[in-house]
Amino acid sequence: MIRRRSHQPDMNSIWLSIVLGGLSMLAKETGITVFLLNVAYDTYRNWPALKRTVQDMRWSEETHQFGRRVSRVLLSMGVLLAVRLALLQGSLPRFSQQDNPTAFHPNLYVRLLTFCYLAAFNWWLLLCPSTLSHDWQMGSIPLVTTLSDPRNLLTFIAFGAALLFVFRGLMDCEFSYAKRYRMTGKLC
C-alpha cells in the first residue's frame, strides 16, 4: 500500500521552528520574523482550504489543524517576545545617532528613501552576499538624499519584484483552487 504524504507539517517541525526562532530572537530582535514567515507560508500552503472554509462557512479538519498550528506559533512568539523584553529589563533597545544615522535624520524624505534602499540592499545581500559586515553603523551605507540617486533603481526593482511575487503567489492559489474543482466536476 502506497501512502501519500500530506503537505501538512508535522508537530516536530513546528516545535523545531519555534525553538530555532526563539534562539534567533536571543541573538537579534529581528528573529521574530521567523514566526511571521511561518504563518505566511502556512497560509499560502493552505489557501484553498481557507478560502473554501470562508465560502462554505464551515470549518474542515484541515482548517482546524491550520488554526492550531498558527495559534501555537503566535502564542510561542508572544511568550518569546515577553522573554526577550524581560531580558532587556522591560525597555526597548535605544540606538544613538552613531548606530543608526538614518533614523535621526531630520528630513522624512531622506529617511524614507534610505530605509527603502536598505530593505532592497538587504534583499540583495540574501541573493549575493558579496559585501558583508559585522556591524553596519557610522554611515557605512551613505544616506539616499535625492530621487536621482542611482541606488533608487535597485529599490524600485526590488519592490517591483516583491509585488510581482505576491501577485504570482495569489494567482497560483486561485488557479490551483479553480483547477482542483474543475477536475472533480464541481465547477462548471
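## Burial and overall architecture

Of the 188 residues of the protein chain, 24% count as buried in this predicted model. The accessible surface of the chain comes to about 13900 Å², and carbon and sulfur atoms account for 68% of that area. The chain contains six helices and zero strands, so that DSSP runs from the N terminus onwards read α-α-α-α-α-α.

Contacts in the chain between residues at least 6 apart in sequence were also classified by separation. Among these, 62% join residues at least 24 apart.

## Nonpolar cores

The largest nonpolar core has eleven residues. Its members are Ile14, Ile18, Met25, Ile32, Phe35, Val39, Leu50, Phe66, Val70, Val73 and Met77. Three helices each supply at least two residues of this core: H1 (11-27), H2 (33-45) and H4 (61-87). Helix H4 gives the most, with four residues. Apart from this core lies another, of six residues, which includes Leu113, Tyr117, Leu125 and Ile141.

Phe35, a member of the eleven-residue core, has an extensive list of partners once residues up to four places away in sequence are set aside. It touches Ile18, Gly21, Gly22 and Met25, and also Val73, Met77 and Leu80. Of these partners, Ile18, Met25, Val73 and Met77 are themselves listed in the core.

## Asn46 between H2 and H3

Asn46 lies in the loop that separates H2 from helix H3 (47-56). Its relative accessible area is 2%, and Asn46 is therefore buried, the limit being under 20%. The side chain of Asn46 is joined to the side chain of Asp42 by a polar contact of 2.6 Å.

## Helix H6 and its partners

Thr155 lies in helix H6, as does Ala158, the helix covering residues 151-184. Both positions are buried: Thr155 has a relative accessible area of 10%, and Ala158 has a relative accessibility of 13%.

Leaving aside neighbours within four places in sequence, Thr155 is in contact with Cys116, Tyr117 and Ala120. Under the corresponding exclusion, Ala158 touches Ala120 and Trp123. Ala120 thus appears in the contacts of Thr155 and in those of Ala158. Tyr117, a partner of Thr155, belongs to the six-residue core. The C-alpha atoms of Ala158 and Ala119 are separated by 8.5 Å, although these residues are 39 apart along the chain.

## Cysteines

The count of disulfides comes to zero. Cys116 is partly exposed, with a relative accessible area of 25%. Cys128 is likewise partly exposed, at 28%. Both values fall between the limits of 20% for buried and 50% for exposed, and neither residue therefore counts as buried.

## Annotated transmembrane regions

An unreviewed UniProt entry lists residues 12-41, 70-87, 108-132 and 152-171 under "transmembrane region". Two of these spans may be described from the model. Over residues 12-41 the chain is 83% helix and 0% strand, and the end C-alpha atoms are 17 Å apart. For residues 152-171, the span is 100% helix and 0% strand, with its end C-alpha atoms 28 Å apart.

Key. Residues are numbered from 1 along each chain as its sequence is written. This is a predicted model: local features need pLDDT of at least 70, side-chain atom pairs count only at pLDDT 80 or more; totals for chains, interfaces and linings use all residues. Side-chain values use heavy atoms; hydrogens and water are left out. A nonpolar core is a set of buried Ala, Val, Leu, Ile, Met, Phe, Trp, Tyr and Cys residues joined through side-chain atoms within 4.5 Å. Buried means under 20% relative accessible area, exposed over 50%, partly exposed in between (1.4 Å probe, protein chains only). Contact means heavy atoms within 4.5 Å. A disulfide is a pair of cysteine sulfur atoms within 2.5 Å. A polar contact is a pair of N or O atoms within 3.5 Å; within protein, one must be able to donate a hydrogen and the other to accept it, and residues adjacent in sequence count only if both atoms are side-chain atoms. UniProt positions are given in the numbering used here, feature names are shortened, and annotations may be inferred rather than shown by experiment. Accessible areas come from the Shrake-Rupley method with a 1.4 Å probe; for residues, only the protein chains shown count as cover.
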